[in-house]
Amino acid sequence: MLNSSNDALPGPCRFRSLWFSLAITSMMAAVQAGDRTISSGSDDDGRPNIVYIMVDDLGYGDLGCYGQQRIRTPNIDQLATEGLRFTDHYAGHTVCRPSRLVLWLGQHVGHTGLTGNRPRSLTGQEQTVAKLLKRSGYATGGVGKWSLGNVNTPAEIDNAGHPNRNGFDYWYGYMNQGNAHNYYPPFLWENATQVPLKGNVINPAPQARGRVSSQRVSYSHDFMTQAAFRFIRRHKSHPFLLHIHWTIPHANNEGGRVNKDGMEVPDYGAYANRDWPQPEKGFAAMITRMDADVGRLMRLLKELKIDERTLVLFTSDNGPHNEGGHKHEFFNSNGALTGFKRSMHEGGIRVPLIARWPKKIAPGTVADHPSGFYDFLPTACALAGIDPPQGIDGISYVPSLLGQSDRQRKHEYLYCASQEGATSVGVRYGKWKLVRYRKQNKRRKNKNASSAGREWRLYDLTSDIGEQRDLSQVHPEVVQKIMALLKRDRLL
Ligand SMILES: [Ca+2]
């Protein structure tokens with residue numbers, strides 16, 4: 001059975017804590033008490049809370065602290081001022097669902113097997129990061145777009161892919177990834193309960209596909225934010241893992257087709273009088289609205305006096321989009337990178353990652369350690385003092401967080417592959433980046449295929465972060481070396 005509106009009881013504990021002093025007795029009392037009474041007594045066991053903010057389709061260049069000039073993100077920039085900014089972090093994939101699967105499982109797409117947005121649900125059997133931390137005594141919650149336990153009708157809510165079956169005591173938001181296009185849906189889900197959003201009415205036109213509202217009153221982002229804050233208040237005295245997977249600034253793609261503007265936001269705020277196309281005002285206003293909520297989140301953590309024992313991470317699920325009337329060039333959303341959503345070039349997969357944890361992470365620091373979404377699971381396990389499962393691809397980036405770069409274990413390479421767009425493989429190997437282009441299909445013209453140039457292209461990111469000069473003919477030995485690694489690991 002799935003949960004109703006209250007969180008489920010955390011599971012049994014399994015600890016291997018070397019560097020945390022645990023108050024096991026008080027923690028067990030809270031575990032047995034369940035959600036309703038957890039907040040009545042402190043059971044801080046020394047382990048940090050983890051708040052993982054992941055936004056949707058935000059580019060490497062969309063934040064002030066990563067070079068954005070026109071969109072204001074003062075609160076996120078403040079996170080970087082007070083914490084650490086990663087320069088070489090890679091999303092799990094270049095589109096939503098496979099990126100999330102990588103995050104949950106700590107495996108790259110060569111092992112999850114999902115390389116596009118095709119249907120896929122969790123089975124309830126996988127060792128998700130939420131399941132692992134729940135088992136160790138963490139309260140586990142999330143808000144936002146789930147994507148991995150599809151629910152088209154309310155009758156389908158009780159399914160093996162539901163977040164409550166995959167480690168989350170609590171989830172509030174969208175189950176269906178397509179429905180998440182609509183920022184004014186008639187309802188969201190709180191665990192297994194359908195929660196109506198007042199005043200929103202779906203446009204019945206066929207081209208709206210049930211994902212555009214004709215009456216727009218209740219903005220889903222605001223409700224998901226409130227749910228996240230309620231979760232924090234409930235668990236302020238207990239170690240918790242909270243995923244805030246906001247859908248901003250993803251486009252309402254159907255809204256873009258029906259209304260010529262898919263960048264849905266209640267108001268344009270500081271950008272109302274700008275001489276910009278409407279979707280661009282909307283894009284900027286969405287990000288700045290979300291940024292203000294990051295500020296509210298930080299004030300809440302301080303109000304509850306838990307900000308010093310809370311690690312806050314901020315990232316994006318893939319590169320910037322070109323949808324809903326928005327053009328990624330308008331704000332230079334990929335910065336100096338080439339490519340955008342659906343590309344294996346850096347612009348499609350390299351994303352911001354900011355980490356703030358007072359007194360643990362040195363303020364205003366930068367890490368160039370190449371890392372990826374699949375590193376989050378072992379990182380969270382290390383923070384919780386538990387062993388990650390065997391066979392994952394991720395490596396904990398805790399040493400980088402703590403400024404111990406000499407202790408940071410490195411990836412031999414970082415791997416991504418995609419069935420979408422013109423490029424099919426992207427490999428980061430030291431300073432090198434190898435990109436595979438699809439072959440031209442002469443019989444059935446593939447509009448996504450490259451009509452010119454080589455299938456495998458090599459770039460030196462230290463001198464060419466924009467991937468403009470293909471060095472595959474200058475350094476064929478590097479191409480051969482990377483391909484040999486892929487063959488060894490059955491990825492080619
Ligand atoms: Ca996305």
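**Ser 472 and the helices α3 and α9**

Reader: Leaving aside neighbours within four places in sequence, which residues is Ser 472 in contact with?
Author: Happy to start there, keeping in mind that this is a predicted model. Ser 472 sits in the loop between β17 (456-460) and α13 (476-488). Apart from neighbours within four places in sequence, its contacts are Arg 454, Trp 456, Arg 457, Leu 458 and Val 479.

Reader: How far apart are the C-alpha atoms of Ser 472 and Leu 458?
Author: Leu 458 is among the residues in contact with Ser 472. The two are 14 residues apart along the chain, yet their C-alpha atoms are separated by 4.8 Å.

Reader: Is Ser 472 buried, partly exposed or exposed?
Author: Let's count neighbours: a residue needs 20 or more C-beta atoms within 10 Å to be buried, and 12 or fewer to be exposed. Ser 472 has 17 C-beta neighbours inside 10 Å, so it counts as partly exposed.

Reader: What distance separates the end C-alpha atoms of helix α9?
Author: Helix α9 covers residues 278-303, which is 26 residues. At 1.5 Å a residue, the helix should span 38 Å. That agrees with the model, where the end C-alpha atoms are 37 Å apart.

Reader: How are α3 and α9 oriented to each other?
Author: Good one! Two packed helices are described by the angle between their axes and the distance between the axes. Here the axes of α3 (residues 74-82) and α9 come within 6 Å and cross at roughly 50°. Pro 74, Asn 75, Ile 76 and Leu 79 in α3 meet Asp 291, Ala 292, Val 294, Gly 295 and Met 298 in α9. Given that crossing angle, the two helices are therefore oblique.

Notes. Residues numbered from 1 in each chain as written. Predicted model: local features only at pLDDT ≥ 70, side-chain atom pairs only at ≥ 80, totals over all residues. Helix = DSSP H or I, 4+ residues; strand = E, 2+ residues; numbered from the N terminus. Contact = placed C-beta atoms within 7 Å. Expected span 1.5 Å × (residues − 1). Axes fitted to C-alpha atoms, helices over the stretch in contact; angles between N-to-C directions. Parallel < 35°, antiparallel > 145°, perpendicular 65-115°, else oblique.
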